[in-house]
Amino acid sequence: MKYPSLVLLVILFSCKGQNPEASKHQYTNALIKETSPYLLQHAHNPVNWNAWNEKTLAKAKTKNKLMLISVGYAACHWCHVMEHESFEDSLVAQVMNKNFINVKVDREERPDVDQVYMNAVQLMTGSGGWPLNVIALPDGRPVWGGTYFPKDQWTNILEQLSKKYNETPQELIAFAEKLEQGIKQLDIVEINSDAPVFETSFIASAVKQWSKQFDNTHGGMNRAPKFMMPNNYHFLLRYAYQNNDKKVMDFVNLTLTKMAYGGVYDHVGGGFSRYSTDAKWHVPHFEKMLYDNGQLVSLYADAYLLTKNQLYKTVITETLDYIEKEMTHTNGSFYSSLDADSKTPEGALEEGAYYVWTKKDLKLLLEHDYDLFSEYYNVNTYGSWEHGNYVLIRKDDDEKTLKKYNISRQQLTQKKQHWKLLLNKARDERAKPRLDDKTLTSWNALMLKGYVDAYKALNNDTYLKAANKNANFIIEHQLRKDGGLNHNYKNGKSSINGYLEDYAATIDAFIALYEVSLDTKWLNTAHNLANYTFAHFFDDNSQLFFFTSNEDSALVTRSIEYRDNVIPGSNSILAKSLFKLSHYFDDTRYAKTAMAMLNNVKPEMTQYPSGYSNWFDLMLNYTNPYYEVAIVGTDAKQKISELNKIYIPNKLIAGSSIENNNLPLLKNRFNPDETLVYVCVNKACKLPVSNINDAIKLINK
């Protein structure tokens, strides 16, 4: 939906203004007082930047000036480009400072602000992205927006808008009123009066429609750029497994293999970049985000459980090695991202400079192994990027290399390890990408869940220790005395009232941690946090949850985030957890809410299935038997480890190795002489068994 107006026509077709004459200009940049790495990147611009806060909003109203709201994040390449071209330019800054209250927003710290203005830009232009630049009335209502603009175009747009506001402000106000209504309409979810009926045929039909977009050559969707979208493949993996759909299963494995082969995966240092700019997963947008890597570890861990594919195991271990080395604080928290840009030997910031290689560099490093290396990682026309640089990418499996070079698998493995040591040592001499060292609760919870899932798949105690350490960090630093969570942590200070994403991701991660540790602290904390969301986020009209707390300052609209994207919508994550918690605590309100949430979203789900994959995953809990597995006895943890070696997506685990446990699934089931496994569906249990294999047979029936 778009809203054409005279404003847009003026901007698009009348941008003929001239750059202002140079003059001396005093500026006051307030960002120097901030802790966000992104805001600090702009702290020395000649722009009178302000942070988003009540004082800034009041200033705009008092001075009756338009607000220029620029949103980005520390690892964003095009944000850096626009900063260099425009925000570091004193002539551009003069135009901005004269006519606007300029506001810089870190979208990762303030996803609520980003969401409102992103919705506005998508309504106006049909697309969005970062940097996100919006002009708003003094009361915050947007009247114009877009993403990246070259310097001259940017200056001309600002002059035209300023002139429009000074001469005919009513036209902008009228447009703002229309746009405000459009923004509010976006997140309206109406009560579905139909009875909640969830059937496999409904899901199958959506997958069939979705499959028309599959790229059956390179994996992923048949388009570029390509985002990893781990939740899409989590759902498709489960759907294919539970419905014996070989075609979908083959597609998921193709996608996971091609992503792991691609340049979007760092073959030297481990971990994934944010997305691929091309169809074959070759050239990434080089920033590395914590949320991608946390979710991808979980995805590859589940895929490894099902397939025992050694490639998937390598991805898990190398990615977590990267997280430990580059993204982990000594207190157990995780940093947010690594920048796309880093300095060249000449000192210029350049996208991908830290990661790419020239033939000359590789020949010097690898010597007699260069030919084998260059074929394995395609240092050729297939792997060429630009300016004589290569992004390492695999094209074939190991079998082809073993045959062509007549070497054993062990020899190839040793060579790859040696190559990585050499290249890592060489990269350590380069200038590293800038680190965004703030800690976000929601993203930390995604990474925490990744560590738990990796532990289940590989039974590596190091992963469980890292998960516990991070969970304790959240408890000690982000959980407030009133039971709420804070969103941000930096320099020893916890700040920003938590958003629904913080609660949803933390609840999900704590439930997962309980299922491997049997420490009821995590399950009880998840339960308490869920109760907090009902008190402060629940919307009676839609039966969904607002993104912001009822204690937060009002924005243009109080949005409801329910569509799944690169991170699943906070409502879909929470709905899945409420489903589980309803089983753990025999809570009918949780059960009814999860079902109502799914039912109210259901009418939209077939329109764009990839945007609702986490909801489809929840729907599978209703279309297939869902197992409550209770393991009680002194050997409970050992048996849970055995059970977790098997891919069983339609289950939850409750367990205890002590007698006094009052969880409904465990009450009065402890036997000091024998550890028993109860397999139940909707509180109806089979006779207990003592052998995990027998329990698995009951589930497979």
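How much area does the chain expose, and what share of it do carbon and sulfur atoms supply? The chain exposes about 28900 Å², and carbon and sulfur atoms supply 48% of it. The model shown is a predicted one.

**Figure 1. Overview of the whole chain, with its 26 helices and 22 strands.** The radius of gyration of the chain is 26 Å, close to the 27 Å that the globule rule gives for 701 residues, so the chain is as compact as a globular protein of that length. The C-alpha trace spans about 85 × 70 × 50 Å along its principal axes. Of the 701 residues in the chain, 60% are buried. Contacts between residues at least 6 apart in sequence were also examined, and 69% of these join residues at least 24 apart.

**Figure 2. Close-up of helix α3, residues 54-63, with its buried and exposed residues.** The buried residues of this helix are Thr56, Leu57 and Ala60. They cover an arc of only 100 degrees around the axis, which puts them on the same side of α3. The face turned away from this buried side carries the exposed residues Lys55, Lys61 and Thr62. Three strands receive the buried residues of α3, which pack against β1 (49-51), β2 (66-72) and β3 (100-106).

**Figure 3. Close-up of the two ends of helix α3.** At the N-terminal end, Asn53 acts as a cap: one of its side-chain oxygens lies 3.2 Å from the backbone nitrogen of Lys55. What follows α3 is Asn64, whose phi is positive, near 50 degrees.

**Figure 4. Close-up of strand β2 and the strands that pair with it, β3 and β4.** Strand β2 is mostly covered, with 7 of its 7 residues buried. Leu66, Leu68, Ser70 and Gly72 point one way from the strand, whereas Met67, Ile69 and Val71 point the other way; the residues of both groups are buried. Strands β2 and β3 run parallel and are joined by 7 bridges. Within this pair, Met67 stands opposite Ile101 in β3. The pairing of β2 with strand β4 (residues 132-136) is antiparallel and extends over 5 bridges. There, Val71 has Leu132 of β4 as its bridge partner.

**Figure 5. Close-up of Ala75 in the loop between β2 and α4 (77-87).** Is this residue buried or exposed? Ala75 has a relative accessible area of 1%; a residue counts as buried under 20%, so Ala75 is buried. Leaving aside its neighbours within four places in sequence, Ala75 is in contact with His80, Glu287, Met289, Ser337, Leu338, Asp339 and Ala340. A further residue that may be located from this view is Gly484, which is 409 residues from Ala75 in sequence and 29 Å from it in space, C-alpha to C-alpha.

**Figure 6. Close-up of an open sheet of 3 strands, in the order β14-β15-β16.** The pairing in this sheet is antiparallel. Strands β14 (439-440) and β16 (493-497) stand at the edges, each with a single partner strand, so one side of each is left without a neighbour in the sheet. Strand β15 (residues 486-490) pairs with β16 over 4 bridges in the antiparallel sense. One position to locate in this pair is Asn488, whose bridge partner in β16 is Ser495.

**Figure 7. Close-up of Asn614 in helix α24, residues 613-623.** Asn614 is buried, with a relative accessible area of 3%. Which residues does Asn614 contact, leaving aside its neighbours within four places in sequence? The residues in contact with Asn614 on this basis are Asn231, Asp564, Pro568, Ser572, Ile573 and Lys576.

**Figure 8. Close-up of helix α25, residues 636-643, and the elements that cover its buried residues.** In this helix, Ala636, Lys639, Ile640 and Leu643 are buried. They cover an arc of only 105 degrees around the axis, which puts them on the same side of α25. Both helices and strands contribute to their cover, which includes α20 (500-517), α26 (692-700), β19 (627-632), β20 (651-656) and β21 (676-681).

Key. Residues numbered from 1 in each chain as written. Predicted model: local features only at pLDDT ≥ 70, side-chain atom pairs only at ≥ 80, totals over all residues. Heavy atoms only, no water. Buried < 20%, exposed > 50% of the residue type's maximum accessible area, 1.4 Å probe, protein only. Arc of directions from axis to C-beta. Contact = heavy atoms within 4.5 Å. Polar contact = N/O pair within 3.5 Å; in protein donor to acceptor, adjacent residues only side chain to side chain. Rg over C-alpha atoms; globule rule 2.2 N^0.38 Å. Areas by Shrake-Rupley, 256 points an atom, 1.4 Å probe, with all protein chains shown as cover. Pairing = 2+ DSSP bridges.
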